[in-house]
Each structure stands twice: as structure tokens, then as C-alpha cells.
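Trainee: I am new to this structure. Could you walk me through it and explain the words as we go?

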Amino acid sequence: MQTKPSISSSTAPAQTAIEVEVNGEKHALTVEPRLLLAHMLRERLGLTGTHIGCDTSSCGACTVLLEGKSVKSCTVLAVQADGRAVTTIEGIGTSRSLHPMQEAFWAEHGLQCGYCTTGMIMASLDLIARNPDPSDEQIREGLGGNICRCTGYHNIVRAVKAAAKAVKK
Ligand code: FES
Ligand code: FES
């Protein structure tokens with residue numbers, strides 16, 4: 001007599017344990033291997049300053065720093081951040097004490113709706129860390145992966161120049 005093959009009743013997706021330092025705070029998490037860093041930050045840690053615009057690595061709204069380098073967090077898996085340090089917009093300043101880059105975007109009117117702004121700021125921080133005195137052209141090239149639907153970019157370029165000066169002082 002034939003016996004039926006047994007079918008596992010468990011359909012739960014696999015989980016992986018990771019440890020990530022976000023804005024200086026260590027987090028031990030269990031995540032699905034397919035979970036994107038952007039979703040981990042927003043949905044698991046409540047850090048909604050990282051925005052999702054396209055989910056396809058085109059707009060840059062989700063840019064964060066991974067070990068100090070800007071990455072589009074919709075293109076990075078949470079498991080790739082295991083054992084590494086992530087910085088989001090929440091980690092660089094507060095509403096009472098803005099980071100010079102945030103101050104410059106505000107002072108130079110580098111934002112309108114603000115949706116792209118957190119990604120622009122994180123990408124700009126990486127840019128001025130690599131090039132402390134960027135030209136307009138270098139700023140435009142450095143932010144080529146970040147799309148803004150509102151500002152026309154002129155004020156964003158001015159903001160990054162002003163911040164570069166302020167940080168150098
Ligand atoms: S949401 Fe990541 S690049 Fe657009
Ligand atoms: S300020 Fe609105 S998309 Fe950039």
C-alpha cells in the first residue's frame with residue numbers, strides 16, 4: 001500500500017538574525033532575507049525620515065549612509081547591513097539643533113514639498129565628505145542619482161555649497 005508524502009504545514013518564510021547599528025544605537029532583529037533596508041528602517045525601526053519614492057533605485061529618496069557611504073536603501077537588503085553602521089536623517093540633527101546641511105537646505109530654500117530632501121541631504125553629506133569644496137558641476141554630478149520634482153535644483157546646489165563652507169569652518 002502506498003503512503004502519501006508528508007507535506008510540511010509550515011509556510012512561514014525563513015528568518016535571519018542580524019545586528020545593525022542605526023544612528024549609534026544597536027538593534028538585534030530577525031528579518032526575512034528579502035527584506036529591504038528601506039523597509040527595515042521605516043517599518044521595523046519607525047525611522048520614517050527615509051522616504052520611498054520609486055522602490056527601483058531611480059529617485060534617491062531612500063538614500064542613507066551605510067558605513068558612511070551613501071546608498072539607496074531600496075537597493076540594499078537588510079541582511080547586507082548586518083554588523084554594519086547605518087545613518088539616517090534622524091541621526092544627523094534634531095529640530096532644535098539642525099545639522100549644517102539641514103540648516104543650509106532651510107536657509108537656501110533647497111526644498112519645497114520635502115519628499116526628496118532627506119535623501120538629498122544624506123547624499124550631499126557623502127559628497128562633501130569626499131569633496132569638501134565641490135563646484136556647482138560636481139554637486140550636480142554628485143546628486144545625479146537624486147531626483148527632485150519641485151525645486152529645479154538651483155537652490156539645492158546653493159545649499160550644498162553653503163553647507164560645505166559651514167562644515168569647513
Ligand atoms: S525609493 Fe530608493 S531610489 Fe527611489
Ligand atoms: S522638494 Fe519636492 S521633490 Fe524635492
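Mentor: Happily, and we can begin with H27, which is buried because its relative accessible area is 18%, and buried means under 20%, exposed over 50% and partly exposed in between, with a 1.4 Å probe and protein chains only. Please keep in mind that this is a predicted model, where local features need pLDDT of at least 70, side-chain atom pairs count only at pLDDT 80 or more, and totals for chains, interfaces and linings use all residues. Residues are numbered from 1 along each chain as its sequence is written, chains are lettered from A and ligands numbered from 1 in the order in which they are written, and side-chain values use heavy atoms, leaving out hydrogens and water.

Trainee: Where is H27, and which residues does H27 touch?

Mentor: H27 lies in strand β2; strands are DSSP runs of E with at least two residues, helices are runs of H or I with at least four, and both are numbered from the N terminus. Leaving aside residues up to four places away in sequence, H27 touches I18, E19, V20, V22 and L45, where contact means heavy atoms within 4.5 Å.

Trainee: How do you know that β1 and β2 pair?

Mentor: Two strands pair if DSSP finds at least two bridges between them. Seven bridges join β1 to β2, so they pair, and they run antiparallel. One example is A17, whose bridge partner in β2 is T30. Two residues separate the strands of this hairpin, and N23 there takes a positive phi near 50 degrees.

Trainee: What makes β2 and β4 edge strands?

Mentor: Start with the open sheet of five strands, which has the order β2-β1-β5-β3-β4 and mixed pairing. β2 and β4 are its edge strands, as each pairs on one side only. From one strand to the next, the twist averages 40 degrees; axes here are lines fitted to C-alpha atoms, for helices over the stretch in contact, and angles run from 0 to 180 degrees between N-to-C directions. The β4 edge is joined to β3 by four bridges, and these two strands run antiparallel. Among the partners, T63 is bridged to K72 in β4.

Trainee: Which helix lies across β3, β4 and β5?

Mentor: That is α3 (residues 117–130), which runs at about 35 degrees to β3. Helix α1 (residues 37–44) has L37, A38, H39, M40 and L41 buried. The buried residues of α1 pack against β1 (16–22), β2 (25–31), β3 (63–66) and β5 (85–87).

Trainee: Why is S57 called partly exposed?

Mentor: The relative accessible area of S57 is 31%, so S57 falls between the two cut-offs. S57 sits in the loop between α1 and β3, and its phi is positive, near 70 degrees, although S57 is not a glycine. Most residues other than glycine have a negative phi.

Trainee: What makes E67 partly exposed?

Mentor: E67 has a relative accessible area of 46%, so E67 also lies between the cut-offs. Its place is the loop between β3 and β4 (69–72), and E67 has a positive phi of about 55 degrees.

Trainee: How many disulfides does a search of the whole structure find?

Mentor: Zero; a disulfide is a pair of cysteine sulfur atoms within 2.5 Å. As for cysteines, C62 is buried because its relative accessible area is 2%, whereas C113 counts as exposed because its relative accessibility is 59%.
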